[in-house]
Amino acid sequence: MGKILMKGCEAIAEAAVLGGCRFYAGYPITPQNELPEYMSVRLPEVGGDFVQGESEVASINMVYGAATVGTRAMTSSSSPGIALKSEGISYLSGANLPALIVNVSRGGPGLGTIQPAQSDYLQATKAMGHGGFRMIVFAPYSLQEAVDLTYNAFDYAERDRNPVLILIDGALGSIKELVELPPMKELPTEQAKWQLGNPTGEKRVARMLTSIYPEAGLETLNRTKGEMAVAWGENDVMVEEFLLDDAEYVVVAYGIAARVAKEAITGLREKGVKIGMIRPITLFPFPKGSFRKLDYGKVKAFIDIEMTVPAQMRDDIALEVLDRAPIYEYGRSGGVLLDDDGVLEAIEKVLEGEA
Amino acid sequence: MEQLYKRPKCIQPMQSGYCPGCLHSLATRITAEVVEELEQQNNCILVLPVGCSTMGLLYWKIDMVGSAHGRAPAVATGVKRCSKNSLVFTYQGDGDLAAIGLAEILSAANRGENYTVLFANNSIYGMTGGQMAPTTLEGQKSTTTQKGRDPLTTGYPMRMCELIATLDAPKYVARFSLHDPANVRKAKAGIKKAFETQLAGGGFTFVELMINCPTNWGLTPLDSLTYMVENTIPVFPLGVYKDVEV
């Protein structure tokens, strides 16, 4: 299959279907409406089901219900809507249920703006809901990468019996790019061990899925989830290390910001500046290793570039860098987009010691 | 000698933890009897919400999922749409269904989701210790209406059967009471009709069961039944509000 031109939200929707998604529930919110619209047409074609929920809260709980009977289920929303889903995402994790959540983020806090922003990093990586659970958070920077990550997202979710988050911003959701779509995944033919419902009528012990536990059971769950998050750090980190080998200046950026930064870095390299970039693809687990292997005798400064103000990833960077090099930050926020000139100017200020 | 009365097999062989005289136990029992009479014990999924009804997780021996407060109809929507041959039902209290879960119950009913909602109405929040519910009677005392519910500031008892019966999609909407044996038999028949309608692919069915809360009403079990007859049932008239042939 050749490459086809697709819009971000639609490419993610199609990749989810190809990856096995057979149930979607969501509530309209800009800038991600193309995703449910696409699903409303596409899912019935593959024997799946689409529900426009009465709210974000209802939608995430429909996904929870679909997941209990072993269906690959997803929802999507944008920042304030994701906040509304956070309780349900916590219940998914608490009940050990897989699901895919997509946040096409916009500016905040509050109603904020419908324009793109990267203001949900802290929410996504630290506390996507109450109770201290974590999720794998993928942050693609191109539509092809979004397709590839979405396609495999259910495999992670089912491996871990835990929800997975894909975080893009409204700009990536709205642009069109050429993408190559993978083939339709074969759905598992065997019932999962925990799956509710008994279509074959076999004699078996009744099953229960819930996020309420006796104290000892909940503590065990907390430990297990904690160990799982540590294992992600060892096995599942995804990162692009761009021109880092001899870098004296290291940009750290993800998603749309990394795209803009890459342009600036490429231009500066042509002028002989030794600059590179760490681009986390998994925001959680954070690519700590990329920072640990740097030669701090050589690195003069880090520049954290995000489409939000103040920068939110900075604390994670600082935990790895410690005081071995200064960390500068540059961002635009509130729905104002990063542009090439602004990013280049911000980096040049650091190079010239004026930041 | 023929055994006429025994514990349904889909209920755990243990004592109920519900308060003495609480009709939640009876509601659970007659529902279990219907499940077995229809031979659905290996083919049903019960969605339990938050409240005293959550304790069903301890008592049932069927597939179950615990959901967030008020969200059982949304969860059941996902369950039933992805497991169309299962008998799916929720068992929700009045705080759960008529307050925090109002959007979910009305929207699920309006979509005509093909599952059954069993609604246990005791006019109070039981699990949290007796606060006012949307269904609390005018003048009825609760821990948040200590001088009695004042409609001027807290509104009037909300009647869910009547609300849901205004919608086009629901197929069977009825209110029963569990305060005496004759009414228990009617309630059981109503639950059975709702389940049969669902199994026939008919659509949304809603059965309200009037129950008591001796503990939080501050009454003995027997007095709580008299209170139901004299006060609760006149406000929540029993009967079938909608019955569409499927």
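**Helix packing, chain contact and backbone exceptions**

Modeller: In this predicted model, helix α9 of chain A passes helix α12 of chain A in a right-handed crossing.

Colleague: What makes the crossing of α9(A) and α12(A) a right-handed one?

Modeller: The term right-handed applies when the near helix is turned clockwise from the far one by less than a right angle. The crossing of α9(A) with α12(A) is of that kind.

Colleague: Why are α9(A) and α12(A) described as oblique to each other?

Modeller: Helix α9 (residues 255–270) and helix α12 (residues 340–351) of chain A pack at about 55°, with axes 9 Å apart. Roughly parallel would require an angle under 35 degrees, roughly perpendicular one of 65 to 115, and roughly antiparallel one over 145. An angle of about 55° falls in none of these ranges, and the pair is therefore oblique.

Colleague: Which residues of α9(A) and α12(A) meet, and how many of them are nonpolar, polar or charged?

Modeller: Val260(A), Ala261(A), Glu263(A), Ala264(A) and Leu268(A) of α9(A) meet residues of α12(A) that include Val343(A), Leu344(A) and Ile347(A). This contact has eight nonpolar, three charged and no polar residues.

Colleague: What angle and distance describe α3 of chain A and α3 of chain B, and why are the two helices called oblique?

Modeller: The axes of α3(A) (residues 56–68) and α3(B) (residues 72–82) come within 6 Å and cross at roughly 40°. That angle is not under 35 degrees and does not reach the range of 65 to 115, so these helices too are oblique to each other. Their crossing is right-handed. Among the residues that meet are Ala58(A), Met62(A) and Tyr64(A) in α3(A), and Val75(B), Val79(B) and Cys82(B) in α3(B). By class, the contact of α3(A) with α3(B) has eight nonpolar, five polar and no charged residues.

Colleague: How many residues of chain B are in contact with chain A, and what area do the chains bury between them?

Modeller: On chain B 29 residues contact 28 residues of chain A. The two chains bury about 2,200 Å² between them, 60% of it on carbon and sulfur atoms. Asn42(B), Asp63(B) and Cys82(B) supply 24% of the area that chain B buries against chain A, more than any other three residues.

Colleague: How do you know that Glu54(A) and Arg111(B) meet in a salt bridge?

Modeller: The rule asks for a side-chain nitrogen of Lys or Arg within 4 Å of a carboxyl oxygen of Asp or Glu. For Glu54(A) and Arg111(B) the N to O distance is 2.9 Å, so the pair meets the rule. Four salt bridges are found across the interface of chain B and chain A, and the structure holds 34 over all chains.

Colleague: What does the salt bridge of Glu34(A) and Lys7(A) tie together?

Modeller: The N to O distance of this pair is 2.8 Å. Glu34(A) lies in helix α2 and Lys7(A) in strand β1 of chain A, so the bridge ties together parts that are 27 residues apart in sequence.

Colleague: Which peptide bond has omega near 5°, and where is Pro109(A)?

Modeller: The bond from Gly108(A) to Pro109(A) is cis, with that omega value, and Pro109(A) lies in the loop between β5 and α5 of chain A. Val309(A) and Pro310(A) are also joined by a cis bond, with omega about -5°. Pro310(A) is in the loop between β14 and α11 of chain A.

Colleague: What is notable about the phi of Leu243(A)?

Modeller: Its phi is near 55°, a positive value in a residue other than glycine. Most residues other than glycine have a negative phi. Leu243(A) is placed in the loop between β10 and β11 of chain A.

Note on methods. Residues are numbered from 1 along each chain as its sequence is written. Chains are lettered from A and ligands numbered from 1 in the order in which they are written. This is a predicted model: local features need pLDDT of at least 70, side-chain atom pairs count only at pLDDT 80 or more; totals for chains, interfaces and linings use all residues. Side-chain values use heavy atoms; hydrogens and water are left out. Axes are lines fitted to C-alpha atoms, for helices over the stretch in contact, and angles run from 0 to 180 degrees between N-to-C directions. Helices (H or I, at least four residues) and strands (E, at least two) are DSSP runs, numbered from the N terminus. Contact means heavy atoms within 4.5 Å. Ala, Val, Leu, Ile, Met, Phe, Trp, Tyr, Cys and Pro count as nonpolar, Asp, Glu, Lys and Arg as charged, and the others, Gly among them, as polar. Buried area is the accessible area (1.4 Å probe) that two parts lose on being put together, summed over both.
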